[in-house]
Amino acid sequence: MKKPILSIALLLCGISTFAQTIQKTAGNPVFPGWYADPEGIIFNKKFYIYPTFSAPYEQQVFLDAFSSEDLVTWKKHPAILDTAAIKWAKRAVWAPSIIEKDKKYYLFFGANDIQNDQEKGGIGVAVSDSPEGPFKDHLGKPLIDKFHNGAQPIDQFVFKDKDGQYYLFYGGWKHCNVAKLNKDFTGFVPFEDGTIFREITPDNYVEGPFMFIKNGKYYFMWSEGGWTGPNYSVAYAIADSPFGPFKRVGTILKQDPQVARGAGHHSVIQIPGKDQYYIVYHRRPLTETDGNHRETCIDVMTFNDKGEINPVKITKEGVGPVTLK
């Protein structure tokens, strides 16, 4: 009688092991180290994350990237860009945003944390033949080096519209601008009224703009609160145009006192051809008090029947594996 019992026990053990295998999740954070402001994107059927190296400004002189075949296991690509390649950038290299155009990869970034128009720095752009770098300076100078409409030139997001036009959304200090990029990303094309930088700031905007299109609607998202505080969060608006007007709908990402604080400065990944979305963001562990101790996480993002974004539940488990076909 012992053999059947043993067989059943082994079978149950096998089922348990199999269940653990198919339920494997990435865990949050998705990779070790202090990283913030992550942009998640898909290139060549592979997931990528481009974050800020979260450290004192004088140490923020490079950008790493991470890639994954399944959203669970991540590979580090160190120093895809650094200040040795960007001669005008000295410190505070922030919030990368990347896009592919004509088989080239263009990486937009902020540098130097300029406080006025007399300081050198702002938003730059680098280029590479590979999403894993290395990247070189595309212009040899900043793309935007002045304050326009009160917006500090940081927190850039490059966006391709349905008609193929590329735009740059950006701005700190509670102001957000949009500008129309020219074909080779060396400058901008004026809007119909002759202006280059159009302000589109919604209520409560602080920084970290992001946009995506769903069912023909433009979802504009941003971060609110203070980046070192527990009230850091993400809100959004929906419009019929990439220029708005953007009326704030509500907050969809914020701290959970049982999980982590300061959840914000995010991006969104959609699985191609599917109504399946993930939010990539940073947060601060409950055990940390240093403002720079931020980690990159991924959780599921869903919508209700009206197309509104449901509040995101931040988790320690993270997301399960996803394979791109």
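Biologist: Let's start with one residue: why does Asp 102 count as exposed?

Modeller: Asp 102 has a relative accessibility of 61% in this predicted model. Exposed means over 50%, so Asp 102 belongs in that class.

Biologist: And Lys 101, what makes that residue buried?

Modeller: Its relative accessibility is 14%. The cut-off for buried is under 20%, so Lys 101 falls into the buried class.

Biologist: How do you know that Lys 101 and Asp 102 form a salt bridge?

Modeller: The closest N and O atoms of the pair are 3.1 Å apart. The rule asks for a side-chain nitrogen of Lys or Arg within 4 Å of a carboxyl oxygen of Asp or Glu, so this pair qualifies.

Biologist: How many salt bridges does that rule give?

Modeller: The count comes to ten. One of them joins Asp 275 and Lys 214, with N and O 2.6 Å apart.

Biologist: What makes you say that the Asp 275 and Lys 214 pair links distant parts of the chain?

Modeller: The two residues are 61 apart along the chain. Asp 275 sits in the loop between β18 (260-270) and β19 (277-285), while Lys 214 belongs to strand β14 (residues 207-214).

Biologist: Are Asp 275 and Lys 214 buried or exposed?

Modeller: One of each! Asp 275 reaches 59% relative accessibility and counts as exposed, whereas Lys 214, at 7%, counts as buried.

Biologist: Why is the contact of Arg 248 and Glu 224 called a salt bridge?

Modeller: Their side chains meet at 2.8 Å, N to O, and the limit is 4 Å, so the name applies. This pair also links distant parts of the chain: Arg 248 is in strand β17 (residues 248-253) and Glu 224 in strand β15 (residues 217-224), 24 residues apart.

Biologist: Why is Arg 248 called partly exposed?

Modeller: Its value of 27% lies between the limits of 20% and 50%, so Arg 248 is partly exposed. Glu 224, at 7%, counts as buried.

Biologist: Let's turn to the sheets. What makes β1 and β4 (74-82) edge strands?

Modeller: An open sheet of four strands runs in the order β1-β2-β3-β4, with antiparallel pairing. β1 and β4 each pair on one side only. Neighbouring strands of this sheet are turned by 25 degrees against each other on average, direction ignored.

Biologist: How do you know that β1 and β2 pair?

Modeller: Seven bridges join these antiparallel strands. Pairing needs at least two bridges, so β1 and β2 pass. Ile 41, for example, has Tyr 48 in β2 as its bridge partner. In their hairpin, which has two residues between the strands, Asn 44 takes a positive phi near 50 degrees.

Biologist: What joins β2 to β3 (residues 62-68)?

Modeller: Three bridges do, and the strands run antiparallel. The limit is two, so β2 and β3 pair as well. Opposite Tyr 48 stands Ser 67 in β3, and opposite Ile 49 stands Phe 66.

Biologist: What makes you call strand β2 (residues 46-53) mostly covered?

Modeller: Six of its eight residues are buried.

Biologist: Why do β5 and β8 (136-137) each have one side without a neighbour?

Modeller: Their open sheet has four strands in the order β5-β6-β7-β8, paired antiparallel. β5 and β8 stand at the edges with a single partner strand each, so one side of each has no neighbour in the sheet. Inside that order, seven bridges join strand β6 (residues 104-111) to strand β7 (residues 122-128), and Gly 110 has Ile 123 in β7 as its bridge partner.

Biologist: How many cavities of 30 Å³ or more does a search of the whole structure find?

Modeller: The search finds one. The volume of the largest cavity is about 110 Å³. Of the 14 residues that line this cavity, the closest to its centre are Glu 39, Gln 156, Pro 209, His 265 and His 266. The elements giving two or more residues to the lining are β1 (35-43), β5 (94-101), β14 and β18.

Biologist: And which classes make up the lining of the largest cavity?

Modeller: There are six nonpolar, five polar and three charged residues.

Note on methods: Residues numbered from 1 in each chain as written. Predicted model: local features only at pLDDT ≥ 70, side-chain atom pairs only at ≥ 80, totals over all residues. Heavy atoms only, no water. Buried < 20%, exposed > 50% of the residue type's maximum accessible area, 1.4 Å probe, protein only. 1 Å grid on protein atoms, 1.4 Å probe; cavity = no way out; pocket = protein on both sides within 12 Å on 5 of 7 lines; lining within 4 Å. Points joined across faces, edges and corners; volume = space filled by probe spheres on them. Nonpolar A, V, L, I, M, F, W, Y, C, P; charged D, E, K, R; others polar. Axes fitted to C-alpha atoms, helices over the stretch in contact; angles between N-to-C directions.
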